[in-house]
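I am going through this structure one region at a time and writing down what I looked up. The entries follow the order in which I took them.

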Amino acid sequence: MDNISLKEGVNWVGVVDWNLRDFHGYITRRGSTYNSYLIRDEKIALVDTVKYNFSGELIEHISQLESLDKIDYIIVNHVEMDHSSSLPIIAKLATNAKILASQRGKDALIKHYGPEFDRVETVKTGDELKLGKKTLRFLEAPMLHWPDSMFTYLVEDKILMPNDAFGQHLASSGRFDDEVDENELMEEAVTYYANILMPFAPLITRKIQEVVQMGIPIEMIAPSHGIIWRKDPSKIINAYLSWSSGAAKERVVLVFDTMWGSTDKMARSIGDGITSLGVENKLLELRATDNTDVVTEILKAKGVVVGSPTLNNQMFPSVSSFLTYITGLKPKNKVWGFFGSYGWGGGAVKGMVEMAKKAGFEVYEPSVEARYVPDKEDLKKCFEFGRQIAQKIKVA
Ligand code: FEO
């Protein structure tokens, strides 16, 4: 590994996971990285570790710069295992290191790795750790991404290490924003936000405001996944402010599955109705589009229309899976519409509407349904339904 330096005495010692394609269900087509940083001053600190199967590589990267027994502190910004599962091995080799985490981080480390982690020392917002000329300042950031999460700020170097926040699942040879394709980078940043951090939008807005109010200058943001923002950290901060505000375009996403083509026909007519009012829309069939991508499209749209055929008096399993995923992610400020087909008893549309209302979504009603195969009249109703949805989001 080349010596990858953020600033003098601050090095990236993480690993690139080129082959990761599934991160707890989130499809990661461009792999990921687990970033770990070594800060060397009179005292030496390691910020975060990596996923356990890369622990050998982490050890090698640290050893190229420093012997592990010289490490004085290991900072655990977040306990999720992609960042902490090498900690037990590193802690055994870094025999002189104190481990620092938030109080909830300490609790989670004990639950993950056993009672020996009772020796973890806790830090809280505002606490500082002097390494010599360099100072680490801690800022708790609960739910970004877990209750234990915290940010570490390098005061003199003006580097924010926010762990999951501002990350991207992007494997690359470049480590910095000015070394990778900007479009790919922002595509992965928005997908990451939509699939990991969307439920915590209000907390993100508040945390960014808190950091701004603290008046801490940020020259670099070094997250725990993907590239380091050094060219223009404000770009990702502004993007997060926009995404977390629920701002979206005048656009509708139609998400559906189909058994014998009826729901597909309905989706096309609804789409035509939306288009007739000049509103951009996109049809995404669930068996052709992964939930990961559907969710990213939804983040950018003001309207979402979901369709399902009826199977055994219920919605189709792929639609149920999608709704379970999206209701958990709690997208804000969307207008939702539902449509579906059935043969006799029905049940899909009723089930979808109930699920959406329970999640607190704003549901446009009445929904539209067709029996067996939609005829001309049914398709006219679909077209009109599309126009109603388009009108609704135009005034939203
Ligand atoms: Fe990258 Fe919440 O772990």
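At what angle do helix 6 and helix 7 pack, and how far apart are their axes? I am working from a predicted model. In it, helix 6 (residues 201-214) packs against helix 7 (residues 233-245) at about 140 degrees, and the axes are 9 Å apart. I therefore enter helix 6 as oblique to helix 7; the oblique class stops at 145 degrees, over which a pair counts as roughly antiparallel. For the hand of the crossing of helix 6 and helix 7 I noted left-handed.

Next I listed the residues at this contact. From helix 6 I have A201, I204, T205 and I208, and they meet I237, Y240, L241 and S244 of helix 7. By type, the residues of this contact are 6 nonpolar and 2 polar, with no charged residue. The spacing fits the helix repeat: an α-helix has 3.6 residues a turn, so residues three or four places apart point the same way.

**Open sheet**

I then traced the sheet that contains strand 1. This is an open sheet of 7 strands with mixed pairing, and the order reads 1-2-7-8-9-10-11. Strand 1 (5-7) and strand 11 (121-122) are the edges; each has a single partner strand, so one side of each has no neighbour in the sheet. I also checked what packs on the sheet: helix 4 (residues 103-113) does, and it touches strand 10 (98-101) and strand 11. The direction of helix 4 makes about 115 degrees with that of strand 10.

At the strand 1 edge, I found strand 2 (residues 10-12) paired with strand 1 in the antiparallel sense over 2 bridges. K7 stands opposite V10 of strand 2.

**Strand 19**

Which strands does strand 19 pair with? I found three pairings to record. Strand 17 (residues 249-256) runs parallel to strand 19, and 6 bridges join them; here V252 has G303 as its bridge partner. Strand 21 also pairs with strand 19 in the parallel sense, over 7 bridges, and G307 stands opposite F339 of strand 21. Strand 20 pairs with strand 19 in the antiparallel sense over 2 bridges, with T310 opposite M315. The hairpin of strand 19 and strand 20 has 2 residues between the strands, and N312 there takes a positive phi near 55 degrees.

I looked up burial as well. Strand 19 is mostly covered, with 10 of its 11 residues buried.

**Helix 11**

Which residues of helix 11 are buried? In helix 11 (residues 348-358) I noted A348, V349, G351, M352, V353 and A356 as buried. Their cover includes strand 19 (301-311), strand 20 (314-315) and strand 21 (335-342). Helix 10 (317-329), strand 22 (362-363) and strand 23 (368-371) are also among the elements that cover them. Just after helix 11, I found G360 with a positive phi of about 85 degrees.

**S269**

Is S269 buried or exposed? I placed S269 in helix 8 (residues 262-275). Its relative accessible area is 13%, so I count S269 as buried, the cut-off being under 20%. Leaving aside neighbours within four places in sequence, I found S269 in contact with L379, C382 and F383.

Note on methods: Residues numbered from 1 in each chain as written. Predicted model: local features only at pLDDT ≥ 70, side-chain atom pairs only at ≥ 80, totals over all residues. Heavy atoms only, no water. Pairing = 2+ DSSP bridges. Helix = DSSP H or I, 4+ residues; strand = E, 2+ residues; numbered from the N terminus. Contact = heavy atoms within 4.5 Å. Axes fitted to C-alpha atoms, helices over the stretch in contact; angles between N-to-C directions. Buried < 20%, exposed > 50% of the residue type's maximum accessible area, 1.4 Å probe, protein only. Parallel < 35°, antiparallel > 145°, perpendicular 65-115°, else oblique. Left-handed = near helix turned anticlockwise from the far one by under 90°. Nonpolar A, V, L, I, M, F, W, Y, C, P; charged D, E, K, R; others polar.
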